[in-house]
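This report sets out how the chains of the assembly are arranged and where the backbone departs from the usual pattern. Please consult the sequence and structure shown here while reading.

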Amino acid sequence: MSEKIAHKNASELLALVSSRRDFLRKTAITAIVGGTAVACGVPDSHAQTTKANGADNSGGTMAPNPAPVSAAAAADAMDKMHEAGIKAFPAKTAGKGNQLLAHRLENGVKIFEVTAKKIQWETAPGQMVEAWAYNEQVPGPQIRVREGDRVRLVVKNELAESTAVHFHGVELPNDQDGVPFITQKPIKPGETFTYEFTAPNPGSHMYHSHHNSATQVGLGLLGAFIIEPKNPAPIENADIDYVLVLNDGMHGYTFNGKSFPATEPIVAKLGQKLRIRYMNEGMMIHPMHLHGMHMTVIAKDGWLQPAPWKCDTLNIAPGERWDVIVNCNNPGTWAFHCHILPHAESEHGMFGMVTALVVK
Amino acid sequence: MSEKIAHKNASELLALVSSRRDFLRKTAITAIVGGTAVACGVPDSHAQTTKANGADNSGGTMAPNPAPVSAAAAADAMDKMHEAGIKAFPAKTAGKGNQLLAHRLENGVKIFEVTAKKIQWETAPGQMVEAWAYNEQVPGPQIRVREGDRVRLVVKNELAESTAVHFHGVELPNDQDGVPFITQKPIKPGETFTYEFTAPNPGSHMYHSHHNSATQVGLGLLGAFIIEPKNPAPIENADIDYVLVLNDGMHGYTFNGKSFPATEPIVAKLGQKLRIRYMNEGMMIHPMHLHGMHMTVIAKDGWLQPAPWKCDTLNIAPGERWDVIVNCNNPGTWAFHCHILPHAESEHGMFGMVTALVVK
Amino acid sequence: MSEKIAHKNASELLALVSSRRDFLRKTAITAIVGGTAVACGVPDSHAQTTKANGADNSGGTMAPNPAPVSAAAAADAMDKMHEAGIKAFPAKTAGKGNQLLAHRLENGVKIFEVTAKKIQWETAPGQMVEAWAYNEQVPGPQIRVREGDRVRLVVKNELAESTAVHFHGVELPNDQDGVPFITQKPIKPGETFTYEFTAPNPGSHMYHSHHNSATQVGLGLLGAFIIEPKNPAPIENADIDYVLVLNDGMHGYTFNGKSFPATEPIVAKLGQKLRIRYMNEGMMIHPMHLHGMHMTVIAKDGWLQPAPWKCDTLNIAPGERWDVIVNCNNPGTWAFHCHILPHAESEHGMFGMVTALVVK
């Protein structure tokens, strides 16, 4: 039996990966209850491993075998699942969120358009979830303007319920703040609403629904809204400017709408300066841990810190944005993940909030 | 059917609000399990909405109708619930916590008296909970003294179990620290105990039970204890000094003992400086998000930060106090809430940790 | 009945303590689900107290008595449980974690050896749990080297599954980073693997498993890895250097692998400077609250903060390390605990994440 597992052929490995996908699906469901259920599962790890092997046997090419798996074979089987997950990275999935949104210019106004509608979204290979999305992306398209720009956002609501857009962190006139029944009427299904303002305080901000928001933001109505400063501080200059939206709602544990191994690696050349703009759109903290190099924290919620400070694990709470600089001076492929371990790894391997920084 | 809902009359709206109250009641219960159950409920949002409409139908004036509600009507019904909640704000409830406690002066000693006893407390309209309270207030009355004052606190225990008072953050002689069997005997039911000390390190502190504290603090035995400095720093000067106690225990998600729409708005005049003293007496983090204006963080646990720093979302952990200054320079009514969205909004509308900053 | 409880003899008190141990056992199990269940138990507090008394009666020397316990007697019974817990502190248990690991020197290389294997670990008196441990310690032995030292760590895997060691916070060459299938092959059961590097960035770091890590770290494969700086800053100098590893996984809420009353008090002489190196190896935040004196925060993840700052409650997130200095200028025995109260106290008394700072 151990022999057989040790020499698994390709179709067997595929079956293992399938059972891993089942696990990912299950994880996405349990993630809804705040990670609790994921943690609950841990004591059952061996039971689950056994079951995974059982499923493997029946679905694969090996004859059913009721004899117990040896410890070495169980360790090998677990390792193969872990390896398969990592070798699959970065896995292809349909759809990519957080893509830069193009605008058109009209009389000096930068005009952006987003449509909110229900879609199917693939968070990891074969892992389809219902999403409520702007322009069919989770996160919604990245909106980038410059301090002082005149900005217009046209929001079309193709959802079955009302919505509204709040510009989280942006100090707007009250009637552009996007809170139904306080600053505007809700945007009804089928309606279009237009926001317009002059981009004020620069920094890493967000736009998201502020109507039935626990559900609507949880399902994907969120995106990065970045206001570039007229006069950036020298410390802000970077070769790579990377937005990393964290989420933990109905879609499982995700980075920019994807779960490992479908997350996107960040690739830098040796010596480059990388700016990461963390944005937490979820319900839980995520202490982000980078291997191999430290992060220099330069801004909180778009505001420069009075003095930069260093860390390797940065705790990001819901609604917070943190900007950090990484001097990519250590070559290699570096794990980069949430350090609440049940958000990042199970006995089936890494999943959820894991990606890599690759320094070439 | 959609016609009927779209033109709901007053009694129907009332029924909607009632079903909303039922929801609030349910929320208060589920909040006990740490917000988890609230999050669990989210995927059922449509099921719950349907049920709410069903209850509405049977309790209201409309004939029972087994036909499905149209999407537009469902959206309208949800919006009306959201609107009703916001229009009810600030809703009247019995009891107000955190009221400034008067003292009497005897031989240069400021004497304060609190009695701990079990009461009924209204957190939101019609939402009654059992509370263990100081002077029948949740939070207990606000105690404010000046650095160097001689202070006496007389604590009478009218509860059915022992208690003790710890001055959280105040650097007292050991025998005034309020920890049963370490620094004192517990205050038995019916007994009175007197604390006396000279007010040391200034800042935003708290007093609360340190006996069976998960239960006693969870039920309301807590309050603000503020020591004003002899020599305040210029940055501390403010036109409005507002204490905001966060809680998430057996009383649901509350600000100063009340849940939205019964929370208190903060009202400022344009140009005023507002100081908010956050105090977390709960079991969970609460990242507080202010719309429209940023916050300048000036102190942590009563100690001035080495340099003030800015944010719009400030993560407050249990036991922490953070002091911030808001320059009220943006007129309007601004949402102000915990950004763990299931602590602030459901498909029935805003609830729990929501209030507003009104700048006139 | 109240008379009898008020004059409990030693055997009765012992029975009370036994029922308390049962509670601790139960707590350790419920802690697995992230503290949620502990919080759930709170509304049942009186039911549980009654049950505890019932168990006490049947197991002790008193005759069964179905009559209700008077309020005063119930308060006394609760107080006795609380007192018994505190009087038992510091309670003896088998095993001590975080002991300084000796090295041998070979050609200028400091060689450390750890063996990972499954053991039984006593977290509180009578509270045995399965642990996966380095050198039979939870946390694993403390490794301390000096910046620039050549370090070799020989890891022997005597577990039934593969493992690997990641040096969390240490900026190593990629092939020493300890992530299976990214930087190395997993260390199979029975195998030995050797890490070797020159100690780079100084500070309070950690070593732990990075394979099936939610389980392996949760079960105890973790320890402190401290790199002392060549040129320490004056603010770092301290009379006592104390490592405090926080955990909340399968072993319940622990400080250095033990739960109150088996936690270790920190003992200082009046006027001494105490450095505490907090390290969170768990899945939850733990806002650490010190009574009587404040903490001056000097470093985050081993990096000095740009300016020290003061607090009495410091929020430690998973994977974070924070270094603080306490000027031990207030004599007495001071409670020192996580301020998420259900991590530190139940109606049966203090448990879990509680210890004391004793200033003599």
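In this predicted model, about 3600 Å² of area is buried between chain A and chain C. Carbon and sulfur atoms give 62% of that buried area. Each partner is represented in the contact by 46 residues: 46 from chain A and 46 from chain C.

The polar side of this interface can be described in two counts. Between chain A and chain C there are three salt bridges, and 23 residue pairs are in polar contact, with both residues at pLDDT 80 or more. One of the salt bridges joins the side chains of Asp79(A) and Lys188(C), with a distance of 2.7 Å from N to O.

Several elements of chain A build the surface that touches chain C. At least two residues each come from the helices H3 (36–41), H4 (45–59) and H5 (71–87), and also from the strands S14 (286–290), S16 (303–311), S17 (313–316), S19 (332–338) and S20 (345–346). H5(A) gives the most to this side of chain A, with nine residues. By residue class, the side of chain A that touches chain C divides into 22 nonpolar, 16 polar and eight charged residues.

The relation between the copies can be stated for chains A and B. A turn of 120° with a shift of 0.0 Å along the axis lays chain B on chain A with an RMSD of 0.0 Å. That is the relation of a three-fold axis. Do the copies meet through the same or different surfaces? They meet through different surfaces, because only 7% of the interface residues of chain B are also interface residues in chain A.

The remaining sections concern local features of the backbone and the surroundings of one asparagine. The table gathers the backbone features, each with its angle and its place in the chain.

| Residue or bond | Feature | Angle | Location |
|---|---|---|---|
| Phe260(B) to Pro261(B) | cis peptide bond | omega near 10° | Pro261(B): loop between strand S11 (254–255) and strand S12 (266–268) of chain B |
| Val138(C) to Pro139(C) | cis peptide bond | omega about -10° | Pro139(C): loop between strand S3 (127–134) and strand S4 (143–146) of chain C |
| Glu136(A) | positive phi, not a glycine | phi about 60° | loop between strand S3 (127–134) and strand S4 (143–146) of chain A |
| Asn256(A) | positive phi, not a glycine | phi near 50° | loop between strand S11 (254–255) and strand S12 (266–268) of chain A |

Glu136(A) is partly exposed, with a relative accessible area of 45%. Asn256(A), by contrast, is buried, at a relative accessible area of 9%.

In chain C, Asn256(C) sits in the loop between strand S11 (254–255) and strand S12 (266–268). Is Asn256(C) buried or exposed? Its relative accessible area is 10%, so Asn256(C) is buried, the limit for that class being under 20%.

What does the side chain of Asn256(C) reach at 3.0 Å? The partner is the backbone oxygen of Val243(C). In addition, a polar atom of the side chain of Asn256(C) lies 2.8 Å from the backbone nitrogen of Val245(C). Leaving aside neighbours within four places in sequence, the residues in contact with Asn256(C) are Asn98(C), Val138(C), Pro139(C), Tyr242(C), Val243(C), Leu244(C) and Val245(C). Among them are Val138(C) and Pro139(C), the two residues joined by a cis peptide bond in chain C.

Definitions and conventions. Residues are numbered from 1 along each chain as its sequence is written. Chains are lettered from A and ligands numbered from 1 in the order in which they are written. This is a predicted model: local features need pLDDT of at least 70, side-chain atom pairs count only at pLDDT 80 or more; totals for chains, interfaces and linings use all residues. Side-chain values use heavy atoms; hydrogens and water are left out. Copies are superposed by least squares on the C-alpha atoms of residues with pLDDT of at least 70 in both. Contact means heavy atoms within 4.5 Å. Buried area is the accessible area (1.4 Å probe) that two parts lose on being put together, summed over both. A salt bridge is a side-chain nitrogen of Lys or Arg within 4 Å of a carboxyl oxygen of Asp or Glu. A polar contact is a pair of N or O atoms within 3.5 Å; within protein, one must be able to donate a hydrogen and the other to accept it, and residues adjacent in sequence count only if both atoms are side-chain atoms. Helices (H or I, at least four residues) and strands (E, at least two) are DSSP runs, numbered from the N terminus. Ala, Val, Leu, Ile, Met, Phe, Trp, Tyr, Cys and Pro count as nonpolar, Asp, Glu, Lys and Arg as charged, and the others, Gly among them, as polar. Buried means under 20% relative accessible area, exposed over 50%, partly exposed in between (1.4 Å probe, protein chains only).
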